[in-house]
Amino acid sequence: MALVPRFSGRRWLWQGPGTRPVRAGFGTLLLLLLLGSGPGLRPAGADQTDEYLKREHSLSKPYQGVGTSSSSLWTLMGNAMVMTQYIRLTPDMQSKQGALWNRVPCYLRDWELQVHFKIHGQGKKNLNGDGFAIWYTKDRMQPGPVFGSKDNFVGLGVFVDTYPNEEKQQEAQKRRYSPGVQRVFPYVSAMVSNGSLSYDHERDGRPTELGGCTAMVRNLNHDTFLVIRYVKRRLTIMLDIDGKHEWRDCIDVPGVRLPRGYFFGTSSVTGDLSDNHDIISLKLFELTVERTPEEEKLHRDVFLPSVDNMKLPEVTLPMEPLSGLALFLIVFFSLVAAVFALVIGIIVYNKWQDQSRKRFY
Ligand SMILES: [Ca+2]
């Protein structure tokens, strides 16, 4: 298996599909470069990274923690089904909708989610749909129109879109794309929303996308992987879909602010067109990165998702009704302030009267 060195923070990571993130210091890197990083060669300590896998946010065969009960780690929704070798979000049938949600909120600052998936079906190219989404959002288990999940979500959505809605619409209107604008499907894209953004399904999310790339992921005989990495507010999405066991860059956006305590999930929908959307595994790794004191200050927790240099519409939160105690305190302190002002006023008035009387005599 070829290992792809990637620079992340101050450490080099070696990444192979389906494996754990592998760390090594600079010395090991030099040694590896001298030796040449051939197949099977691993940096020292590669086997001691198990502790980074977060089991409470991960899912793999034999899918024991998956179910519909409140005690299961992963909850199924809609038409999703647990099979022996995979979890089928939707079968290759029209109008199906399925989802799988982690029940444990994730409080990690830096993480990496490896998604092993398979999309396959009877339909010919562009006669299949619609793809699936991977979520890191505030809400979970909310069905809706965005790949089977709710619109105006709060958090991150990564979409593996297998049907070009916009292109088909343009074709129907006998319009042509200018070559620079056309996106080739299947297409992977990402979106961050604070709840005020809507995913435009008719345009395959083009107005709100942070970035994207073409990904030929259907009906392949080899394994297909997608990885979402979130380190020091940098969102990176990479793919391993060519059967070469190498990560290929897809999206890389700095300045992505995601709150902690959100939920991982994945969902899918079929309409007139369909596909089997299968999840084989979801593996979440905690990444330990060093931060300078300045970075520590800069990377303080946020309460709403946002992306630097990208203006999201403001969220207007409805005013919450005041509790009885809050109301009492407001009235009480207003009264105290009023009495205080009155007393001060009387004192000042008396002083002024005394002085004018003195002047008079
Ligand atoms: Ca689409």
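## Aromatic pairs and a calcium site

Trp-111 is buried, with a relative accessibility of 1%. This value, like the others in this report, comes from a predicted model.

Trp-111 does not stand alone. The structure holds 16 aromatic pairs. In one of them, Trp-111 and Tyr-230 are tilted against each other, with 40° between the planes and 5.7 Å from centre to centre. This pair links distant parts of the chain: Trp-111 belongs to strand β9 (residues 111-120) and Tyr-230 to strand β15 (residues 224-231), 119 residues apart. Tyr-230 counts as buried because its relative accessibility is 5%, and buried means under 20%.

Another pair is made by Phe-225 and Trp-247, which meet edge-to-face at 6.5 Å centre to centre, with 75° between the planes. Phe-225 lies in strand β15, while Trp-247 sits in the loop between β16 (234-240) and β17 (248-253), so the pair ties together parts that are 22 residues apart in sequence. Phe-225 is buried at 8% relative accessible area, and Trp-247 is buried at 6% relative accessibility.

The table lists the two pairs.

| Aromatic pair | Centre to centre | Angle between planes | Geometry |
|---|---|---|---|
| Trp-111 and Tyr-230 | 5.7 Å | 40° | tilted |
| Phe-225 and Trp-247 | 6.5 Å | 75° | edge-to-face |

Which residues form one aromatic cluster with Trp-111? They are Tyr-136, Tyr-230, Tyr-262 and Phe-264. Trp-111 and Tyr-230 therefore appear both as a pair and as members of this cluster, and each of them is buried, Trp-111 at 1% and Tyr-230 at 5%.

Rings also take part in contacts with charged side chains. Arg-140 lies over the face of Phe-263, at 5.6 Å from the ring centre. In a second case, the charged end of Arg-183 sits over the ring of Tyr-187, 4.6 Å from its centre.

The next topic is the metal site. What coordinates the calcium ion? Asp-161 appears twice in the list of donors, each time through OD. Tyr-163 gives its O atom, Asn-165 its OD1 and Asp-204 an OD atom, and the distances run from 2.3 to 2.5 Å. In sequence, the donor residues follow the spacing D-x1-Y-x1-N-x38-D.

Are Tyr-163 and Asn-165 buried or exposed? Tyr-163 has 16% relative accessibility and so counts as buried. Asn-165, at 13%, counts as buried too.

Definitions and conventions. Residues numbered from 1 in each chain as written. Predicted model: local features only at pLDDT ≥ 70, side-chain atom pairs only at ≥ 80, totals over all residues. Heavy atoms only, no water. Donors = N, O, S within 2.8 Å, 3.2 Å for Na, K, Ca; no water. Buried < 20%, exposed > 50% of the residue type's maximum accessible area, 1.4 Å probe, protein only. Phe/Tyr/Trp six-rings, centres within 6.5 Å; stacked < 30°, edge-to-face > 60°. Helix = DSSP H or I, 4+ residues; strand = E, 2+ residues; numbered from the N terminus. Lys NZ or Arg CZ within 6 Å of the ring centre and 35° of its normal.
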